[in-house]
Amino acid sequence: MWLFSALIYPIPFAVLLFLALPVFLTTTEKDAVVAAASYGLGSSRRRRNIGGACRTTFSWKKPTLRQAMRLFDTSLSLEFNHFFAGLTNPTLSPFGGPVWSEEEMAPAALGLKGVPKNCRVFRLTRFVGHGQQTYRAVRDAALGWEAMHENSKWAGICLLNYEHNSLSNDRDSNVSAAGALPNVLQIGYGPGAKKLVTYAKSTFFNIWTINPCMVVYDVVDMRQRGGRTYSSTAYGTLRGHLIKGEERVSVCHRDSDGAVEVEVLSISLPGRGILGQMVFPFIGSMQKKFFQEQVDTLERIAKRCL
């Protein structure tokens, strides 16, 4: 019967299999019920993901804020799904911050240590403008995440609990790690944790993918040798995401000529599940497009300051 349906209606059958696969891959009946609820295959009543972590979900329409918030409607603690959370933290770099070069460079040359083998690394850099005003505008857009996909028809980021006063002088309420540098807001797992959702529309069946993430750190107005001031922020993927990794966005102001530069750096690997292993080889172009849109948008924001 299934084989006959697949032959007669190949595309609908493939879509159904793609959406139902996470349920089939679960190991227990309890997990199957949770997955079914997460993917909209269960009761029509509002669902609470009590038994499992938030996870990647799919939708035929662009996700709403309510859908994004529902992704974190779980009784379990949030956990990054990889061991290298914070790997991109520029304060750990031997160069005192990001490497501001447009050349293609290996992770070690960027000051990154402990990068997993066989990971996918994307790095985009661009000069976007001049002046302190430009730097502050681009910095705030990067730290807020959502503006980097403004007016996008196919992708976006929804930041669920961003405190707009986090750039004020009173940063103690946002620092959750003891002994953190004054300019470093250790966000992950702390009381001020910034939860965010990334989403993108796949060209494959026009399905929207909605992913749970959390900000790992914010580095605000840090001085770097060579006469630079920079800010960086990064988010990491949470348990339940189909892939695992970290994306960092950095903005730099150069003292000598006032130049403002931006950098987007991403490190990713397939997730532990079979579905993550299956889709990872095919999403590289989508990831690059996602990051390219961020750089393009930051450049547009910079030009508004002229």
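**Salt bridges, a buried arginine and backbone outliers**

Asp257 counts as partly exposed, with a relative accessibility of 41%. In this predicted model, Asp257 forms a salt bridge with Arg254, and the closest N and O atoms of the pair are 2.8 Å apart. Arg254 is also partly exposed, its relative accessible area being 22%; this value is over the 20% under which a residue would count as buried.

The pair belongs to a chain of 306 residues, of which 52% count as buried. The secondary structure of the chain consists of seven helices and nine strands. Among contacts with a separation of 6 or more, 67% are made by residues 24 or more positions apart.

The confidence of the prediction varies along the chain. The average pLDDT is 78, and 73% of the residues reach a score of at least 70. Residues 1-52 have a pLDDT below 50, although the model gives this stretch 67 contacts beyond near neighbours in sequence. Residues 163-181 also stay under 50 in pLDDT, and for them the model has 27 contacts beyond four places in sequence. Predicted coordinates should not be read in detail where pLDDT is low. The contacts of residues 1-52 and of residues 163-181 are therefore not interpreted here, since low pLDDT argues against a detailed reading.

The count of salt bridges in the model comes to 12. One of them joins Glu79 to Arg239, with the closest N and O atoms 3.7 Å apart. This salt bridge links distant parts of the chain, its two residues being 160 residues apart. Glu79 is in the loop between α4 (65-70) and β2, whereas Arg239 is in the loop between β7 (228-237) and β8 (243-254). Glu79 counts as partly exposed at 35% relative accessibility, and Arg239 is likewise partly exposed at 31%.

Asp140 and Arg139 form another salt bridge, in which the closest N and O atoms are 2.9 Å apart. Here the two partners fall into separate accessibility classes: Asp140 is partly exposed, with a relative accessible area of 33%, while Arg139 is buried at 10%. Arg139 counts as buried because its 10% is under the 20% cut-off. In addition to these pairs, a network of salt bridges links Arg123, Arg248 and Glu263.

Arg120, located in strand β2 (residues 120-130), has another kind of environment. Arg120 is buried but has no salt bridge. The nearest side chain of opposite charge is that of Glu247, at a distance of 13 Å; a salt bridge would require a nitrogen-oxygen pair within 4 Å. The side chain of Arg120 has polar partners instead. One is the side chain of Gln287, with which it makes a polar contact at 2.7 Å. Another is the backbone oxygen of Phe280, which the Arg120 side chain reaches at 2.9 Å. When neighbours within four places in sequence are left aside, Arg120 is in contact with Ser266, Ile267, Ser268, Phe280, Pro281, Ile283, Gly284 and Gln287. Both polar partners, Phe280 and Gln287, are included in this set of contacts.

Cysteine residues were examined next. The structure holds zero disulfides, a disulfide being a covalent bond between the sulfur atoms of two cysteines. Cys158 is buried, with a relative accessible area of 12%. Cys252 is buried as well, at 0%.

Backbone geometry was also considered. Most residues other than glycine have a negative phi. Trp145 departs from this pattern with a positive phi near 65°. Asn151 likewise has a positive phi near 65°. Trp145 lies in the loop between α5 (132-144) and β3 (155-159), and the loop between α5 and β3 is also the place of Asn151. The accessibility classes of the two residues are opposite. Trp145 counts as buried, at 0% relative accessibility, whereas Asn151 counts as exposed, at 75%. Asn151 is placed in the exposed class because its 75% is over the 50% limit.

Methods
Residues numbered from 1 in each chain as written. Predicted model: local features only at pLDDT ≥ 70, side-chain atom pairs only at ≥ 80, totals over all residues. Heavy atoms only, no water. Helix = DSSP H or I, 4+ residues; strand = E, 2+ residues; numbered from the N terminus. Buried < 20%, exposed > 50% of the residue type's maximum accessible area, 1.4 Å probe, protein only. Lys, Arg positive; Asp, Glu negative; His and termini not counted. Polar contact = N/O pair within 3.5 Å; in protein donor to acceptor, adjacent residues only side chain to side chain. Contact = heavy atoms within 4.5 Å. Disulfide = S-S within 2.5 Å. pLDDT = per-residue confidence, 0-100.
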